[in-house]
Amino acid sequence: MTVEFRKDIFANERNDDFDQIGHARIRQDIEGHVRGRSPFYDDHQFEGLLHVRCVRSPHHHARIRAINASAAEAMPDVVRLIWPGDIPKNMNTLLSLIDFGRDDEPLLAERKVSYVGEPVLAIVATSVLAAQKAVESVVVDWEVLPHVLDVEEALKPNAPVVNDEYPNNCFDYHDRYDHQKLRFGDVKEAFSQADHIVEAEYQMSPIEQAPVETCGAIAAPETNGRIVCYTSTQALFFSIGVTGKLLELPSSRLHFIGGTVGGGFGGKVDSQHEPFAVLGAMLTGRPVKYMWDRAEEMQYGAPRSGERWRIRDGAMRDGRIIARSFTGFFDAGAYTRLTSYGVQKCTGHLPGPYTIPNVASNIFCVYTNRTPSTAMRGFGITGVDFAIECQMDRVAEAVGMDPIELRILNAYRDGDMKAHRRPAKNCALIECCQVAAQKSEWRLSPAAISRSSIEGGGEGWRAEIPETVVDGEGGIGNRKRQWQDTEPLSGTGIRRRVPVGTSTDHPATGNAPQHEDMVAEVARLGFKIDAGHSVQRPSLSEPSEGLRHRHANAETSFGRALGAGPSLPSGYDRTRPPASPGPARSSPPANEPIPAHSRHERDKSEKPFQRGVKRPGVSPFISGTRRR
Amino acid sequence: MMKKTPVTFTLNGRPTAAFADPGENLLDFLRRGVGDMTPKYGCGQGTCGACTVLIDNEPHLACITLAESAADREIRTADCLSDGPSLDPLQNSFIEHFAAQCGYCTPGMLMAARALLERNPNPRREEVIDAIAGNICRCTGYEPIVDAILDASRSYRRSAI
Ligand code: FES
Ligand code: FES
């Protein structure tokens with residue numbers, strides 16, 4: 001069997017003779033391991049090393065009224081306290097380094113905490129014990145706030161706002177979409193034709209990476225104006241970038257040394273330690289270590305997110321799965337870290353390795369008052385795979401078919417069209433199933449044994465892919481109608497929220513039509529759609545002109561408000577448009593849509609592209625039309 | 001500030017002396033006070049085995065052993081295994097069987113295995129599993145480690161003859 005490889009990457013650095021496969025090769029670093037001499041970060045010794053411990057929140061969600069650290073300050077072994085104000089730019093999100101998401105997490109919480117263990121004050125002392133004693137002496141006056149720990153509870157309109165940067169308790173994709181969507185074919189139609197409908201719910205717990213070496217970093221001033229930092233990081237350049245950003249230091253001053261990681265599994269990408277160690281070294285002029293003990297690692301180290309899934313399959317009597325829809329909720333915890341990206345990976349992975357002509361998914365990245373979640377061994381993929389494979393067994397049961405044969409029948413073959421509109425290549429699931437059956441002495445029918453991944457792909461029923469239901473722009477997203485600004489934290493007003501998948505009746509946006517499946521989901525989740533607010537499905541093909549223009553107006557007013565509107569409270573000056581149109585509202589001529597290119601020009605000239613935030617643009621969202 | 005205690009002991013065959021902080025555990029003492037970085041910190045609560053050292057030929061968890069209790073004892077760490085460029089059969093066997101990935105648990109594993117093979121150079125598989133039951137490895141999986149120890153036991157038997 002010939003295997004096709006990407007030839008465009010590293011083509012001339014590689015020969016495809018595969019003469020290494022099947023031969024044991026010695027790891028280049030293993031001699032250091034068996035001698036116990038591989039240089040883990042904690043193996044670097046420094047004279048006069050100081051240690052960091054943090055004062056942490058005992059509450060899921062609380063406002064910080066006051067912190068009294070005078071007892072700690074008076075302790076002889078305490079060298080320095082690090083307050084939020086000592087951090088030059090105390091707000092970050094990991095993926096801001098690649099322009100994905102808004103800064104939402106402080107290194108030290110200043111006004112409120114959103115999960116148990118969130119640090120509010122760091123103490124640098126001459127020993128771990130002294131630092132711990134100092135931590136225990138700190139008295140924090142907490143105002144406990146209501147919290148939410150369940151992903152679906154968090155999406156309800158009256159749920160407490162976990163993360164002020166995302167007041168809807170869900171990550172905003174491209175600053176506009178409250179979830180990630182995949183549409184391929186027409187699931188609604190296909191469900192109506194299916195012989196069997198199989199529906200089930202699955203749930204995965206968060207998983208701690210639990211490396212044997214706990215996370216940490218040691219930093220020390222060098223004699224050339226740089227700071228050296230030995231770190232357990234899995235992602236050295238992430239760590240440099242995050243540290244440089246939070247401390248407003250050019251990376252040329254950061255001499256980071258990593259590369260020997262005592263087990264990572266995704267848990268060592270979050271760069272939580274290096275900024276404390278480096279800042280501590282700068283503030284004290286001495287070497288500083290910040291190392292988690294085992295309890296901290298397990299409790300405060302970011303795990304893989306918990307996930308909840310609802311999967312609905314439409315299957316035919318002969319075992320073909322003709323439709324599959326997903327509703328998924330990823331628990332990001334209190335801050336984004338990498339779960340927003342996990343959701344994207346997940347969307348790219350659906351519907352699993354099976355040829356299904358109608359696929360739909362809506363996946364939410366939800367904030368709850370739990371430990372933030374991050375990367376962990378195939379995050380975004382392995383969780384949903386568990387759900388998908390359980391679901392496959394249920395489908396097999398429903399149609400009365402052998403579960404392995406069901407997989408062989410539906411598995412991708414070379415040439416099949418995937419739900420992302422790329423042809424499947426180098427498929428091997430059928431062969432894997434055959435080998436697994438053989439090894440476990442599981443009897444397969446002759447037909448299943450004779451199937452092959454390289455035969456029949458993209459032919460016959462496998463080639464029949466219905467048109468995909470899209471909106472008027474050819475997109476499939478559920479656009480956010482507007483931003484609902486929340487009250488800043490010091491205020492007492494009630495926050496207004498945009499119920500997920502609904503729109504509110506707003507002068508700037510009007511009644512936004514929703515796709516029916518979203519409306520159904522909204523109803524199922526129990527969101528209230530305002531009385532008198534009708535959510536209607538527009539007729540299939542005629543675009544609603546009125547709606548389009550109302551959006552054009554809304555955008556104009558956004559543009560104005562950004563330039564001249566009321567200023568947002570400091571610390572809250574996001575580039576998010578205010579909730580209501582500014583007073584100086586001017587309408588473009590009523591019947592003249594804004595040409596796309598001029599919109600683009602203006603976007604460029606108006607500059608609110610700080611921190612990778614895109615301004616919501618005009619979105620004439622018409623659902624239900626079909627792309628030809 | 002409480003007084004430091006002088007502790008004299010034998011480390012990997014060499015007479016050694018250092019000062020222990022009050023209440024300091026043997027792991028910190030060896031790493032910070034003596035500078036032998038081969039025992040590792042994984043939990044500090046006696047659950048992972050990364051800090052395993054031999055005290056008078058018996059495996060002990062250094063993180064829950066008081067530094068003072070090392071006084072006049074014979075302590076061995078993974079550093080005792082190799083002699084300059086040449087490695088112990090146990091170390092060679094770990095290399096050949098791919099019995100380490102990140103290598104963080106490895107020094108502790110090696111010491112637990114070493115204690116077993118010195119006591120019993122002809123262990124059954126179950127006895128090997130039993131000997132490393134207190135050592136957590138999060139990367140490699142235990143099969144290659146058990147294979148490596150069993151394989152090494154053959155060389156230990158040969159050298160014993
Ligand atoms: S560090 Fe001693 S058992 Fe884990
Ligand atoms: S090799 Fe990483 S913990 Fe064992």
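Asn426(A) counts as partly exposed, with 13 C-beta neighbours inside 10 Å. The model that holds this residue is predicted. Asn426(A) sits in the loop between helix H11 (403–410) and helix H12 (429–439) of chain A. Its backbone stands out: Asn426(A) is not a glycine, yet phi is positive, at about 55°. Most residues other than glycine have a negative phi, and most peptide bonds are trans.

Chain B offers a like case. Asp56(B) is also not a glycine, and its phi is positive, near 50°. This residue is found in the loop between E3 and E4 of chain B. Is Asp56(B) buried or exposed? Asp56(B) is exposed, because 11 other C-beta atoms lie within 10 Å and the cut-off for exposed is 12 or fewer.

| Residue | Phi | Citation |
|---|---|---|
| Asn426(A) | about 55° | positive, not a glycine |
| Asp56(B) | near 50° | positive, not a glycine |

**Chain A**

Chain A has 628 residues, and 44% of them count as buried. Its secondary structure comprises 16 helices and 17 strands. Take the contacts in chain A with a separation of 6 or more: 78% of them link residues 24 or more positions apart.

Helix H9 (residues 339–349) of chain A is a good place to look inside. Eight of its eleven residues are buried, so the helix is largely enclosed by the rest of the structure. Which residues of H9(A) are buried? They are Thr339(A), Ser340(A), Tyr341(A), Gly342(A), Val343(A), Cys346(A), Thr347(A) and His349(A). The cover over these buried residues includes strand E7 (180–184), strand E14 (321–333), strand E15 (359–367) and helix H10 (382–399) of chain A.

The loop between H9 and E15 of chain A contains Pro351(A). A cis peptide bond joins this proline to Leu350(A), with omega at about 5°.

**Chain B**

Chain B is divided into domain 1 (5–80) and domain 2 (89–160). Their C-alpha centres lie 21 Å apart. Where the two domains touch, 15 residues of domain 1 are in contact with 13 residues of domain 2. On the domain 1 side, strand E3 (52–55) and strand E4 (58–61) of chain B are the elements that give two or more residues. E3(B) gives the most, with three residues. By class, this side of domain 1 has eight nonpolar, five polar and two charged residues. The loop between E3 and E4 of chain B is where Asp56(B) is found.

Next come two helices of chain B. Helix H2 (residues 89–96) and helix H3 (residues 106–119) of chain B pack at an angle of about 125°, with their axes 11 Å apart. That angle makes H2(B) oblique to H3(B). Their crossing is right-handed. Which residues of H2(B) meet H3(B)? Leu90(B), Gln91(B) and Phe94(B) do, and their partners in H3(B) are Thr106(B), Leu110(B), Ala113(B) and Arg114(B). The residues of this contact divide into four nonpolar, two polar and one charged.

**Between the chains**

How many residues does each chain bring to the contact? Chain A brings 23 residues and chain B brings 29 residues. Helix H1 (residues 30–35) of chain A supplies the largest share of the chain A side, six residues. By class, that side has eight nonpolar, seven polar and eight charged residues.

Terms used. Residues are numbered from 1 along each chain as its sequence is written. Chains are lettered from A and ligands numbered from 1 in the order in which they are written. This is a predicted model: local features need pLDDT of at least 70, side-chain atom pairs count only at pLDDT 80 or more; totals for chains, interfaces and linings use all residues. Two residues are in contact if their C-beta atoms, placed from the backbone, lie within 7 Å. Helices (H or I, at least four residues) and strands (E, at least two) are DSSP runs, numbered from the N terminus. Ala, Val, Leu, Ile, Met, Phe, Trp, Tyr, Cys and Pro count as nonpolar, Asp, Glu, Lys and Arg as charged, and the others, Gly among them, as polar. A residue is buried if 20 or more other C-beta atoms lie within 10 Å of its own, exposed if 12 or fewer, and partly exposed in between; C-beta atoms are placed from the backbone. Axes are lines fitted to C-alpha atoms, for helices over the stretch in contact, and angles run from 0 to 180 degrees between N-to-C directions. Angles under 35 degrees count as roughly parallel, over 145 as roughly antiparallel, 65 to 115 as roughly perpendicular and the rest as oblique. A crossing is left-handed if the near helix is turned anticlockwise from the far one by less than a right angle, and right-handed if clockwise. Domain bounds come from an automatic or database domain assignment.
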